[in-house]
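Trainee: I'd like a close look at one part of this model, the place where the two chains meet. Could you walk me through it, and then set it against the rest of the fold?

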Protein chains: 2
Amino acid sequence: MTDHSPTPKSAEPVYAKLAVIGGGLIGSSVIRAAREKGAAGEIAVADSSPVHRERLKALGIADQVTGDAAEAARDADLIVLAVPVMAMGEAVAAAAPGMKLGATLSDVGSVKGAVAEAMAANAPAGAFVIPGHPVAGTEQSGPDAGFGSLFENRWIILTPQKRDDAPYQAALERLTEFWLRLGSRVELMDERHHDLVLAVTSHLPHLIAYNIVGTAADLEEVTQGEVMKYSAGGFRDFTRIAASDPIMWRDVFLTNKDAVLEILGRFTEDLQALSRAIRWGEGEKLQQLFTRTRAIRLGIVAAGQESAEPNFGRDRRG
Amino acid sequence: MTDHSPTPKSAEPVYAKLAVIGGGLIGSSVIRAAREKGAAGEIAVADSSPVHRERLKALGIADQVTGDAAEAARDADLIVLAVPVMAMGEAVAAAAPGMKLGATLSDVGSVKGAVAEAMAANAPAGAFVIPGHPVAGTEQSGPDAGFGSLFENRWIILTPQKRDDAPYQAALERLTEFWLRLGSRVELMDERHHDLVLAVTSHLPHLIAYNIVGTAADLEEVTQGEVMKYSAGGFRDFTRIAASDPIMWRDVFLTNKDAVLEILGRFTEDLQALSRAIRWGEGEKLQQLFTRTRAIRLGIVAAGQESAEPNFGRDRRG
């Protein structure tokens, strides 16, 4: 096993058994983090890909590696779905036959409205359904890309159902404890609002990055070699984002369509105004916007979401 | 003096005297790098801002700090203009009275067509005008933000005039040697082509970043606090780029208008197609584009322009 910090002996596992459905970047990171922090006793992982299963076995991070979601879910106290958003419903249906009464069912999907619906529709009666989204990740994919510190100091947004019965609230408290143990900061949010906030802070940035890299690839007068060679001028940051998992992101855009199109509409409107200001040489307008956006960055730095230090070796632009 | 590596005693300075006009991020980095690598004997810097001059004196990186460009340029073998693009013509005119016959006049501006014109129009007869652009920088500004390793393994694009006389070619060779000494890789390019390539790899990425940060700031339903809190989802990378110097970038867009609007037009067209694919649920189209852009990233990593390692602590997204 790799990346193992010693489990704090004092802390009891939050869940006796954890089942993760989908052992890619995020799923395998949940497993690693739960192991390293002693947040779960036994850990099972189900993955439909034989290649992933082989890697998961070789990595030795889980007690049980299987292709059968129901088998992984058997006796689990927490089941975490870590598959692309549009595969969530199917994953719940596959896990359901193995789930015990009173188990908590959560996920890590980047969209919450559609996933909450799919989970509610397919979860067995007696399960506590609490959708979730850790705002963490890298552009890498697969079991080998995960790491146990991925969620440290990152936000996990939980979008609980509108239920105020005590057992559900207890399940929510326990899931909160689980993520706190993994080093995350926990926020509760309405799923519709989640989808709007993430459309701005994550989905549109990815869409824009995918788009600009595609545009650059189609130019006749500028070669791919030149684009790569001079990518330090700003473009490289976009290529990193545009290297994110294609299926995961396809699903995000298809399932958060309304919020993404709404934000994209505003972005395009603003971009056209900016384009017009360039065409007509309105320097004052440009300078005002650029001064304003700089102030926003300083706000992020001041809020401790980011270091003010220049990022040596990565962000040299000009 | 800070950041001093020992000057290699074996290497003679490439220029006996270097004058840098403008001591901000790039200008002060040229000074530091030239000093550290022993690429220049004496170094003078001129800056029109009293605040900058005070910092430059306190940093002690130059032998002479002045507000008078002609004074800095006196007896200099190389004069490097490091001011915003639209201030280049004025900077040349200010330095010209001090320039000696046979001096080389270069710059570090992000746009080359407009700068080449401004330099040619204002340079004294007998100067060798060789515009240049180091593709390097950070989102920081000012004398304190510079550092001597900024240009290491970065490209400097020189856009020499169409002259094949021996003295000009000798001046070009010497300027090439100077940048090689600073650790850069040197490329020669036609200025019009430079402006098109950089419109793609640098100017459009900055415009897009400025725009998205502005769009996010104007939302009614999502607070600034939320945007900052969940910026790890991809948005944060854009805020870093959108924190770049407002005046420098205003000038870039105004002086490289044609290439920027051309590339922006293509970007917008592609974005509308993407928007349509989302609206009509064309998952196959989205997946194809996202798979293609991922391959481009792998090309950049393979070309050694970037590390394949996940960027721990900075790029955790989801």
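Mentor: Here's the contact between the chains, followed by the sheets and a few local details.

A word on ground rules: this is a predicted model, so local features need pLDDT of at least 70 and side-chain atom pairs count only at pLDDT 80 or more, while totals for chains, interfaces and linings use all residues. Residues are numbered from 1 along each chain as its sequence is written, chains are lettered from A and ligands numbered from 1 in the order in which they are written, and side-chain values use heavy atoms, with hydrogens and water left out.

Right, the contact (heavy atoms within 4.5 Å). Chain A puts in 113 residues and chain B puts in 113 residues. The size of an interface is often given as the accessible area lost when the parts come together. On that count, chains A and B bury about 11,000 Å² between them, with 62% of it on carbon and sulfur atoms; buried area here is the accessible area (1.4 Å probe) that two parts lose on being put together, summed over both.

Now for the polar side of things. Between chain B and chain A there are twelve salt bridges, a salt bridge being a side-chain nitrogen of Lys or Arg within 4 Å of a carboxyl oxygen of Asp or Glu. One between Arg292(A) and Asp218(B) has its closest N and O atoms 2.6 Å apart. The chains also share 34 residue pairs in polar contact, both residues at pLDDT 80 or more. A polar contact is a pair of N or O atoms within 3.5 Å; within protein, one must be able to donate a hydrogen and the other to accept it, and residues adjacent in sequence count only if both atoms are side-chain atoms.

Which elements of chain B give two or more residues to the side that touches chain A? They are strand E8 (155–158) and helices H7 (191–217), H8 (224–229), H9 (235–241), H10 (246–255), H11 (257–279) and H12 (283–302) of chain B. Helices (H or I, at least four residues) and strands (E, at least two) are DSSP runs, numbered from the N terminus. H7(B) gives the most, with 21 residues. By class, this side of chain B has 52 nonpolar, 33 polar and 28 charged residues; Ala, Val, Leu, Ile, Met, Phe, Trp, Tyr, Cys and Pro count as nonpolar, Asp, Glu, Lys and Arg as charged, and the others, Gly among them, as polar.

On to the sheets. Chain A has an open sheet of six strands, in the order E3-E2-E1-E4-E5-E6, with parallel pairing; two strands pair if DSSP finds at least two bridges between them. Its edges are E3 (64–66) and E6 (128–129) of chain A, each pairing on one side only. E5 (residues 104–107) of chain A is joined to E6(A) by two bridges, and Leu105(A) has Val129(A) as its bridge partner in E6(A). Helix H5 (residues 113–122) of chain A lies across E4, E5 and E6 of chain A, at about 150° to E5(A). For such angles, axes are lines fitted to C-alpha atoms, for helices over the stretch in contact, and angles run from 0 to 180 degrees between N-to-C directions.

In chain B, six strands form an open, parallel sheet in the order E3-E2-E1-E4-E5-E6. There, E4 (residues 78–81) and E5 (residues 104–107) of chain B pair in the parallel sense over four bridges, with Asp107(B) the partner of Leu81(B). Helix H1 (residues 25–36) of chain B lies across E1 (15–21) and E2 (40–46) of chain B, at about 165° to E2(B).

Lastly, a local detail in chain A: Arg55(A) and Asp144(A) form a salt bridge, with closest N and O atoms 2.8 Å apart. Arg55(A) lies in helix H2 (residues 50–59) of chain A and Asp144(A) in the loop between strands E7 (132–134) and E8 (155–158) of chain A, so the pair ties together parts that are 89 residues apart in sequence.
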